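Subject: Structure handover

Hi,

Here is the structure I promised to pass on to you. Have a look at it first, and then read on for my notes.

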Amino acid sequence: MAVLGWVPRLVLLHLGWVVLVLAGGVVAGLAPATATMLRILRRDPAAGAAGRLRGVLFMYRAEFLPANRAAGPFMLISLMAGVNIALGILGALPEWFFPAGFLAALLFGAVSTLSSFHAVVIHVLAPDTPAPTVWTGALAGPFLLPVPTVSWVITLGAMVVTGAIIQPVAWLLSGGIMIAVTGAVLARPWQVRLDAARAGSGSR
């Protein structure tokens, strides 16, 4: 029953995330939409009606530039790597691109995608952190938090497979599941690490 109780909340998170991503023109909307939904989820774990619409839009506008500054570079690299991977699969790239270029695109795509989510989480938890510090932490995130990162990848991978088989899951829940998993699996260990860092700096 507890799991079933989360279904409407995940749907609301998903729909809100999709609308905000589209409002930002997809590419520029990804980071602020994810940051906004994470803030809503952290402020109200039940996610209720995802807050009042005006408050959500105000939060989204406030997040637009800071969230893109924190995670935008990684998302752009991930997008460019994805384009190269897609073109390579379609056979639209020259032969010299294979295999080194294709493998490099896969590597850059994987690292930048992971780092972009770590960057959003760091930004949400410590919004006053300078962008270069966020970028450094985001790049180090998969190595600093290997178990949460692997758990995040496995869980979202399972969601992708499930969504491909049961398509209504992808249409109605995928964004909400991504936000909930990111909040539970990545944000919590980052919060512990950031709290420990603040405590250490405060004791000096």
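Let me start with a helix pair: H2 and H4 are oblique to each other, since their axes make an angle of about 50 degrees, and the oblique class takes in whatever is not roughly parallel, roughly antiparallel or roughly perpendicular. The distance between the axes of H2 and H4 is 10 Å, and their crossing is right-handed. Please keep in mind throughout that this is a predicted model.

H4 also packs against H6. Here the axes come within 12 Å and cross at roughly 110 degrees. That angle falls in the range of 65 to 115 degrees, and H4 and H6 are therefore roughly perpendicular to each other. The crossing of H4 and H6 is right-handed too.

An aromatic pair joins these two helices as well, so on to the rings.

**Aromatic pairs**

How many aromatic pairs are there? The count comes to five, with ring centres within 6.5 Å as the criterion. One of them is tryptophan 96 with phenylalanine 97: the ring centres are 6.4 Å apart and the planes stand at 75 degrees, which makes the pair edge-to-face. Are its two members buried or exposed? Tryptophan 96 is exposed, at 69% relative accessible area, while phenylalanine 97 is buried, at 9%.

The pair that links H4 and H6 is phenylalanine 117 with tryptophan 152. Its geometry is tilted, with 4.7 Å from centre to centre and 50 degrees between the planes. Because phenylalanine 117 sits in H4 and tryptophan 152 in H6 (residues 146–165), this contact ties together parts that are 35 residues apart in sequence. Both phenylalanine 117 and tryptophan 152 are buried.

Back at tryptophan 96, there is a cluster to look at: Trp96, Phe97, Phe98 and Phe102 form one aromatic cluster. A cis peptide bond also occurs here, running from phenylalanine 98 to proline 99, with omega near -5 degrees. Proline 99 belongs to the loop between H3 (53–90) and H4 (100–125).

**Two helices with kinks**

Which helix falls short of its expected length? In H3, 38 residues would reach 56 Å if the helix were straight, at 1.5 Å a residue, but the end C-alpha atoms are only 42 Å apart. H3 has a kink of about 55 degrees at alanine 71, shortly before proline 73. Just after H3, glycine 91 has a positive phi of about 75 degrees.

H5 (residues 131–144) also has a kink, of about 30 degrees, at alanine 138, and again a proline, proline 142, follows shortly after. Its end-to-end span nonetheless agrees with expectation: 14 residues at 1.5 Å each should span 20 Å, and the end C-alpha atoms are 18 Å apart. Alanine 138 and proline 142 are both among the buried residues of H5, and the others are Ala131, Val134, Gly137 and Gly141. As a reminder, an α-helix has 3.6 residues a turn, so residues three or four places apart point the same way.

**A backbone detail**

Valine 26 may catch your eye if you plot the backbone angles. Its phi is near 70 degrees, a positive value in a residue other than glycine. Valine 26 is located in the loop between H1 (2–23) and H2 (30–43), and with 41% relative accessibility it counts as partly exposed.

**Some distances across the chain**

How do separations in sequence and in space compare for a few residue pairs? Each distance below runs from C-alpha to C-alpha.

- Leucine 194, in H8, is 67 residues from proline 127 in sequence and 12 Å from it in space. Leucine 194 is buried, at 17% relative accessibility.
- Alanine 158, in H6, is 23 residues from tryptophan 135 in sequence and 28 Å from it in space. Alanine 158 is partly exposed, at 39%.
- Alanine 197, in H8 (residues 174–202), is 189 residues from proline 8 in sequence and 36 Å from it in space. Alanine 197 is partly exposed, at 47%.

Happy to talk any of this through once you have had a look.

Best wishes

Note on methods:
Residues are numbered from 1 along each chain as its sequence is written. This is a predicted model: local features need pLDDT of at least 70, side-chain atom pairs count only at pLDDT 80 or more; totals for chains, interfaces and linings use all residues. Side-chain values use heavy atoms; hydrogens and water are left out. Helices (H or I, at least four residues) and strands (E, at least two) are DSSP runs, numbered from the N terminus. The expected span of a helix is 1.5 Å times one less than its number of residues. The bend at a residue is the angle between axes fitted to the seven residues ending there and the seven starting there. Buried means under 20% relative accessible area, exposed over 50%, partly exposed in between (1.4 Å probe, protein chains only). Rings of Phe, Tyr and Trp (its six-membered ring) pair if their centres lie within 6.5 Å; planes under 30 degrees apart count as stacked, over 60 as edge-to-face and the rest as tilted. Axes are lines fitted to C-alpha atoms, for helices over the stretch in contact, and angles run from 0 to 180 degrees between N-to-C directions. Angles under 35 degrees count as roughly parallel, over 145 as roughly antiparallel, 65 to 115 as roughly perpendicular and the rest as oblique. A crossing is left-handed if the near helix is turned anticlockwise from the far one by less than a right angle, and right-handed if clockwise.
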